[in-house]
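Thanks for passing this one along. Here are my notes on its ligand site and its empty spaces, as numbered points you can check against the coordinates.

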Amino acid sequence: MNLILLGAPGAGKGTQAEAISAKLGIPQISTGNMLREAVKNGTELGLRAKAAMDSGALVSDDIVIGILKDRIAEPDAKNGYILDGFPRTVAQAEALDEMGVQIDKVLEIHVANERIIARMSGRRVCEKCGASYHIEYKPTTKPGICDVCGGAAVQRADDAPETVLSRLEVYEEKTAPLKDYYWETGKLVTVEGQEEVADTTKLVFDALGING
Ligand code: AP5
């Protein structure tokens, strides 16, 4: 199954992608995680992406399309994958079509902006493996320590309140048009993100026809 997860920053795409990945045994492919890894490692690509990411803007289409194309060609993606954070512009969606990728479903997670802002302030992400937590809704077992790998769970630089607001504006302008793009293909399904992670997961699994 090839899936796309759509939704505003902080809607819960990464959280639900992890749950789907565990359930179906297909990889979560997060362009945000790949870009953060490149920034952390100080690669040329990371240096080109960093300023845009820090300000809440999108990284250029050519950079992101390039890393996505390489990633979906890897062996673990041959039986399907979950695209988390890609495509984010109509140009990226068209590039995916041009690559000949067949998408089975596009799942939009909708959450009101006020709730998103509250969620982002509590998000913590493992510096080492990228696992995502929330201090209230999905806390680490030991404060500040990743349950998966023992790395430090820290706040993301782009989760500062003013950056979150500009990311939401960018989403409305550049990414929300993808809802129409995929609605026309008949593949778009929307779920309302719930207060509890597990409740959203149930809606997501139902929408994808995966037994819980
Ligand atoms: P990216 O990493 O993709 O960030 P994003 O889309 O802004 O999404 P987030 O990771 O912020 O949120 P999410 O929806 O995954 O929510 P999460 O599950 O973590 O991109 C970062 C940057 O990289 C972009 O700004 C851009 O610069 C660049 N970039 C990436 N892809 C690009 C592309 N294709 N083109 C151009 N540039 C690109 O949940 C959020 C929090 O809420 C967590 O703490 C979580 O625990 C909690 N939570 C989740 N679900 C629930 C729930 N149901 N109830 C309560 N809490 C919940």
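1. A word on labels before anything else: helices and strands are DSSP runs numbered from the N terminus, with at least four residues for a helix (H or I) and at least two for a strand (E). In that naming, Pro87 sits in the loop that runs between β3 (81-84) and α5 (90-98). Please keep in mind that this is a predicted model.

2. Staying with that loop, the Phe86 to Pro87 peptide bond is cis, and its omega is near -5 degrees. As background, most peptide bonds are trans. Pro87 will come back below, as one of the residues that line the second largest cavity.

3. Where does the ligand sit? The space it takes is the largest cavity. The elements giving two or more residues to the shell around the ligand are α1 (13-24), α2, α6 (113-122), β6 (132-134) and α9 (197-208). Of these, α2 gives the most, with four residues.

4. The ligand is surrounded by 36 residues, and the closest are Thr15, Ala57, Arg88, Arg123 and Arg167. By class, this shell has 14 nonpolar, 12 polar and 10 charged residues.

5. You may want to look at three side chains facing ligand oxygen atoms. For Arg167, a polar side-chain atom is 2.5 Å from an oxygen atom of the ligand. For Arg36, the distance between a side-chain N or O atom and a ligand oxygen is 2.9 Å. For Ser132, a polar side-chain atom lies 3.4 Å from a ligand oxygen. On its own the ligand has 1,000 Å² of accessible area, and the protein covers 98% of it.

6. How many cavities of 30 Å³ or more does the structure hold? There are two. The largest cavity contains about 900 Å³ of space. Its lining comprises 48 residues, with Gly10, Lys13, Arg123, Arg156 and Arg167 closest to the centre. Sorted by class, the lining of the largest cavity has 15 nonpolar, 20 polar and 13 charged residues. Elements that each supply at least two residues to this lining include β2 (28-30), β5 and α7 (161-175).

7. The second largest cavity has a volume of about 50 Å³. The residues lining it are Leu5, Leu6, Gly7, Lys13, Gly85, Pro87, Arg88, Tyr171 and Thr175. Both β1 (2-6) and α7 supply at least two residues each to this lining, which divides into four nonpolar, three polar and two charged residues. Arg88 is thus worth a look from two sides: it is among the residues closest to the ligand, and it also lines the second largest cavity.

8. Finally, the open space. The largest pocket has a volume of about 530 Å³. There are 19 residues in its lining, and those nearest the centre are Arg36, Glu37, Lys40, Glu127 and Arg156. The classes are seven nonpolar, three polar and nine charged. Here α2 (31-40), α3 (44-55) and β5 (123-126) each supply at least two lining residues, and α2 gives the most, with five.

9. One link between the sites deserves your attention. Arg156 is among the residues closest to the centre of the largest cavity and is also among those nearest the centre of the largest pocket. Similarly, Arg36 has a side-chain N or O atom 2.9 Å from a ligand oxygen and is listed among the residues nearest the pocket centre.

Notes: Residues numbered from 1 in each chain as written. Predicted model: local features only at pLDDT ≥ 70, side-chain atom pairs only at ≥ 80, totals over all residues. Heavy atoms only, no water. 1 Å grid on protein atoms, 1.4 Å probe; cavity = no way out; pocket = protein on both sides within 12 Å on 5 of 7 lines; lining within 4 Å. Points joined across faces, edges and corners; volume = space filled by probe spheres on them. Nonpolar A, V, L, I, M, F, W, Y, C, P; charged D, E, K, R; others polar. Near = heavy atom within 4 Å. Polar contact = N/O pair within 3.5 Å; in protein donor to acceptor, adjacent residues only side chain to side chain. Areas by Shrake-Rupley, 256 points an atom, 1.4 Å probe, with all protein chains shown as cover. Sits in = over half its atoms within 2 Å of the grid points.
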